[in-house]
Amino acid sequence: MPGAAVNETLSQYSDWSYTTATAIYVLALVFFLIEQSFGAKGRRAAERTRERARELVGAGGPGTTETVTPPAETPADRAARGRAERIGRMGAALTVLGVLLHLAALMLRGLATHRVPWGNMYEYIMAVTFIAVVTWLVVIRKFPARHLSGFLLLPVVILMFVGGTMLYTVAAPVQPALQSYWLIIHVSAAAASSGIFLVPGVASILYLIRTAHERNPKRFARFGSRLPAADVLDRIAYRTTVFAFPLFTFGVLCGAVWAEAAWGRFWGWDPKETTAFIAWVVYAAYLHSRATAARRGTRAAVINTLGFAVTVFNLFFVNLVTTGLHSYAGVG
């Protein structure tokens, strides 16, 4: 219903839900940072306990038959880990609440404008960040990485702040060029894949920090030791990229079909098209590197980080600075 009037009441509720979700994400971010701090103390205490156990075993000598009992975890260590666990669960609960409000903001925006709620940059960022947080909630159910949630929520909060302030657009019908069913298919695939790509981007950056710390413990001494094993970060990055890449490919192909219908050609080297193609090549190179034993690890993580950088570049610089056939889909 492109010509239908905008429901101002639902639009206002959408804005309130968006603002409240952002505030809740900020609060959850604080909780996760506290968990990271307390959890790091608990992990360091556990490591000291294991080190004392190894020293006792070594002191017994190779020929000893005496059973060596490792030192028990101290009450202070258990208390630190318990606090971290409680605070982390509270952060996760707040994140779920934020996601529900985030979803409400999207749905109310769509109902207010009688169209899908990703017709401009403000709405697109709203959709991308929603998908990113939902993806991360799935990840932390599969991997022991909840204490890393702050590193995912930080870019989400920044994006939502930028979207809600500098890129905010009053609810309105989309321009005639966007009044097509391809807006539902093409842009939804692009937004979903971009949101998912945020997770492996963060995971790959943390992987590089972790491996740098493992090679030289003095580098990132405090931060690197608080991260999970490099293998866990590598699997998070790989599995989420494997899920997002086919969706991204589908979005690029749908964009080509829409371009042919709207502009009479499948490809025209528009800045948006060109940058999306570069991102596709980079992510394809990452998956190839990850599948090749000789190029796994740091090389693959660097390529994945580069793909994430290209995606962010495409989201902001190409949309807001360059001029092309996609310019009408910028801020307004």
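**Packing around helix α3**

Helices α3 and α5 lie oblique to each other. Their axes (lines fitted to C-alpha atoms over the stretch in contact, with angles from 0 to 180 degrees between N-to-C directions) come within 7 Å and cross at roughly 50 degrees. Angles under 35 degrees count as roughly parallel, over 145 as roughly antiparallel, 65 to 115 as roughly perpendicular, and the rest as oblique. The α3 and α5 crossing is right-handed; in such a crossing the near helix is turned clockwise from the far one by less than a right angle, and in a left-handed one anticlockwise.

The model is predicted; local features need pLDDT of at least 70, side-chain atom pairs count only at pLDDT 80 or more, and totals for chains, interfaces and linings use all residues. Residues are numbered from 1 along each chain as its sequence is written, and side-chain values use heavy atoms, without hydrogens and water.

The protein holds nine helices and zero strands. Helices (H or I, at least four residues) and strands (E, at least two) are DSSP runs, numbered from the N terminus. The order of elements from the N terminus is α-α-α-α-α-α-α-α-α. The protein has 332 residues, and 48% of them count as buried. Buried means under 20% relative accessible area, exposed over 50%, and partly exposed in between (1.4 Å probe, protein chains only). The accessible surface (Shrake-Rupley method, 1.4 Å probe) comes to about 16,300 Å². Carbon and sulfur atoms account for 68% of that surface. Contacts (heavy atoms within 4.5 Å) often span long stretches of chain: among those between residues at least 6 apart in sequence, 79% join residues at least 24 apart.

The contact of α3 with α5 involves many residues on each helix. On α3, the participants are Tyr124, Ala127, Val128, Ile131, Ala132, Thr135, Trp136 and Val139. On α5, they are Val187, Ala190, Ala191, Ala192, Ser194, Gly195, Ile196, Leu198 and Val199. By class, this contact has 14 nonpolar, three polar and no charged residues. Here Ala, Val, Leu, Ile, Met, Phe, Trp, Tyr, Cys and Pro count as nonpolar, Asp, Glu, Lys and Arg as charged, and the others, Gly among them, as polar.

Helix α3 (residues 121-142) also packs against helix α4 (residues 149-165). Their axes come within 9 Å and cross at roughly 165 degrees. The two helices are therefore roughly antiparallel. Their crossing is left-handed. From α3, the contact draws on Tyr122, Ile125, Thr129, Ala132, Val133, Trp136 and Ile140. From α4, Ser149, Leu152, Leu153, Val156, Leu159, Met160, Gly163 and Gly164 take part. Eleven of the residues in the contact of α3 with α4 are nonpolar, four are polar and none is charged.

A further partner is helix α9 (residues 298-320), whose axis comes within 12 Å of that of α3. The crossing angle is roughly 180 degrees. Helices α3 and α9 are thus roughly antiparallel. Met121, Tyr124 and Ile125 of α3 meet Leu315, Phe316, Asn319 and Leu320 of α9. Six of the residues in the contact of α3 with α9 are nonpolar, one is polar and none is charged.

Several single residues add detail. Histidine 114 sits in the loop between α2 (75-113) and α3. Its relative accessible area is 31%, so histidine 114 is partly exposed. Its phi is near 60 degrees, a positive value in a residue other than glycine. Most residues other than glycine have a negative phi.

Alanine 105 belongs to helix α2. With a relative accessible area of 0%, alanine 105 is buried. Leaving aside neighbours within four places in sequence, alanine 105 is in contact with Ser14, Ser17, Tyr18 and Met126. Glutamate 123 is 18 residues away along the chain, and its C-alpha lies 9.6 Å from that of alanine 105.

Two residues of helix α5 are also buried. Tryptophan 182 lies in α5 (residues 181-215) and has a relative accessible area of 14%, so it counts as buried. Not counting residues up to four places away in sequence, tryptophan 182 touches Val187, Cys254, Val257 and Trp258. Its C-alpha is 9.8 Å from that of alanine 259, at a sequence separation of 77 residues.

Threonine 211 is placed in α5 as well. Its relative accessibility is 8%, so threonine 211 is buried. Beyond residues up to four places away in sequence, threonine 211 touches Ala230 and Thr298. The C-alpha atoms of threonine 211 and glycine 224 are 8.2 Å apart, with their positions 13 residues apart along the chain.
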